[in-house]
Amino acid sequence: MGEIEDRLQQRGLVLPAVLEGRSERAVIYDLVCVAGDVGYVSAHGPMDGSRVLINGKVGDHRAGWLSQEVGYEAARLAALSVLASLQAALGTLDRVSAWLKVLGFVSVAPEFTGMSFVMNGFSDLIHDVWGDRGRHASSAVGVTELPFGSPVQVEAVVALN
Amino acid sequence: MGEIEDRLQQRGLVLPAVLEGRSERAVIYDLVCVAGDVGYVSAHGPMDGSRVLINGKVGDHRAGWLSQEVGYEAARLAALSVLASLQAALGTLDRVSAWLKVLGFVSVAPEFTGMSFVMNGFSDLIHDVWGDRGRHASSAVGVTELPFGSPVQVEAVVALN
Amino acid sequence: MGEIEDRLQQRGLVLPAVLEGRSERAVIYDLVCVAGDVGYVSAHGPMDGSRVLINGKVGDHRAGWLSQEVGYEAARLAALSVLASLQAALGTLDRVSAWLKVLGFVSVAPEFTGMSFVMNGFSDLIHDVWGDRGRHASSAVGVTELPFGSPVQVEAVVALN
């Protein structure tokens with residue numbers, strides 16, 4: 001078991017099953033694509049295998065919408081799903097030497113502009129586990145709809161050793 | 001003629017004219033930007049030169065919206081437009097040694113969440129022509145509006161030899 | 001002072017204060033993440049430090065929306081904010097040897113499809129200052145909402161020396 005896996009365990013973080021939402025397409029579609037010392041990670045939502053853990057749209061303080069705190073939790077769960085895919089693709093998360101770039105899409109109600117807060121759910125977890133090597137460029141945008149009715153989908157570029 | 005061009009011909013796939021929608025801006029804007037062994041491809045829609053082949057928004061089972069099958073076809077045509085730009089920039093598609101990452105934006109009706117199905121139109125074609133080297137990380141999101149009223153726009157990162 | 005800084009001065013371009021909108025998160029979030037000879041730049045809007053210079057959504061010819069010319073100016077200001085972050089991260093803008101890829105999100109009214117025109121505000125400035133080394137792949141999409149109520153947010157990938 002790797003050092004990063006140790007840190008996950010120390011924090012009580014358990015990885016979900018690897019994303020299966022498009023498993024029937026697995027022959028054409030990679031959750032992680034490795035190109036030398038760079039790994040490109042497909043967008044992931046708050047999933048456990050094929051099960052959607054949180055769905056809906058974020059729009060604080062209005063009935064029928066998720067609060068931004070629930071959005072933050074969805075981004076945190078998306079990070080765990082990304083880690084499950086990286087571990088499956090690479091064997092151990094220790095091969096992820098640094099995080100370079102994260103792009104987060106948040107499904108939002110009109111007028112909701114707190115998508116950066118939502119995306120902190122992803123970045124906080126990565127920073128907690130990787131420390132300074134977990135610092136990354138980050139963008140957050142608010143969109144109309146996301147696959148599976150997910151409130152958040154995050155793609156990433158990581159450095160590999 | 002390259003090996004990839006042979007495969008296109010065997011499949012009866014004819015590339016459209018190179019995207020011209022922003023040709024007046026050509027001095028500042030590259031359809032493909034080469035950086036060593038990586039190529040960054042600007043977003044392309046279902047275009048033949050300056051002609052929009054499919055426009056509208058995807059929202060299955062409702063009047064006035066495109067079906068997801070038409071969205072799939074639009075993504076397939078976007079792939080052919082990307083190939084036309086890569087061929088023009090690189091001389092031959094054989095220089096594309098692998099596909100790394102694809103990001104697809106689908107212009108959608110509210111409640112439509114089948115954007116991953118739509119994006120398979122792009123990925124299926126790439127996988128059919130490049131085989132395993134055509135496997136790539138892929139993200140799909142649903143947005144409000146796209147240039148030219150296009151139902152889909154896809155950008156890509158490819159490995160070059 | 002570097003050569004690029006000279007060019008900015010010759011054109012009367014003054015960089016804004018470095019983006020501070022998420023400064024309380026600075027420990028986990030990088031405006032620029034350097035990975036060897038590639039720099040990943042987080043999305044920036046038309047900001048001067050923590051001050052939003054232009055907000056609203058773009059939707060030409062309708063009351064209550066920004067014109068596409070104001071959108072163009074917002075994208076130009078976003079470019080200056082990106083340059084401020086690159087200068088702060090790298091010491092001098094001369095370390096940016098080429099621009100590779102730009103992805104622009106424009107907050108739009110329904111039916112507005114001129115997001116490519118808006119994004120030219122970013123690309124024109126970069127090309128004016130860097131010349132041919134400023135040519136880059138570019139994508140533009142129209143989204144629902146952006147952080148700070150910004151009309152435009154642009155992320156970038158640059159080559160470093």
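## Close-up views of a predicted model

**View 1. Two strands of chain C pair in the antiparallel sense.** S2(C) and strand S3 (residues 38-44) of chain C are joined over four bridges in this antiparallel pairing. The structure is a predicted model. Look for Val34(C): in S3(C), its bridge partner is Gly39(C).

**View 2. Six strands form an open sheet.** Follow the order S1(B)-S7(C)-S6(C)-S8(C)-S3(C)-S2(C). The pairing in this sheet is mixed. Which strands are the edge strands? One is strand S1 (29-30) of chain B, and the other is strand S2 (32-35) of chain C. Each of these pairs on one side only. S2(C) is the strand from View 1, where S3(C) is its antiparallel partner.

**View 3. Helix H2 of chain C spans the length expected for its residues.** H2(C) covers residues 68-90, which makes 23 residues. At 1.5 Å a residue, the helix should span 33 Å. Its end C-alpha atoms are 33 Å apart, so the model agrees with the expected value. What follows the helix? Gly91(C) comes next, and its phi is positive, near 95 degrees.

**View 4. Chain A meets chain C.** In this interface, 28 residues of chain A are in contact with 23 residues of chain C. Together the two chains bury about 2200 Å² between them. Of that area, 54% is on carbon and sulfur atoms.

**View 5. A salt bridge links Glu155(C) and Lys101(A).** The closest N and O atoms of this pair are 2.8 Å apart. How many salt bridges are there between chain A and chain C? The count is two. Polar contacts also join these chains: ten residue pairs, with both residues at pLDDT 80 or more. On the side of chain A that touches chain C, three elements give two or more residues: strand S6 (96-107), helix H3 (115-130) and strand S7 (136-143) of chain A. The largest share, eight residues, comes from S7(A). By class, this side of chain A has 14 nonpolar, ten polar and four charged residues.

**View 6. A strand of chain A pairs with a strand of chain C.** S7(A) and strand S1 (residues 29-30) of chain C pair over two bridges. Is the pairing parallel or antiparallel? The sense is parallel. To find one of the partners, start at Ala137(A). Its bridge partner in S1(C) is Asp30(C). S7(A) is also the element that gives eight residues to the side of chain A touching chain C.

Methods. Residues numbered from 1 in each chain as written. Chains lettered and ligands numbered in written order. Predicted model: local features only at pLDDT ≥ 70, side-chain atom pairs only at ≥ 80, totals over all residues. Heavy atoms only, no water. Expected span 1.5 Å × (residues − 1). Contact = heavy atoms within 4.5 Å. Buried area = accessible area lost by both parts, 1.4 Å probe. Salt bridge = Lys/Arg side-chain N within 4 Å of Asp/Glu carboxyl O. Polar contact = N/O pair within 3.5 Å; in protein donor to acceptor, adjacent residues only side chain to side chain. Nonpolar A, V, L, I, M, F, W, Y, C, P; charged D, E, K, R; others polar. Pairing = 2+ DSSP bridges.
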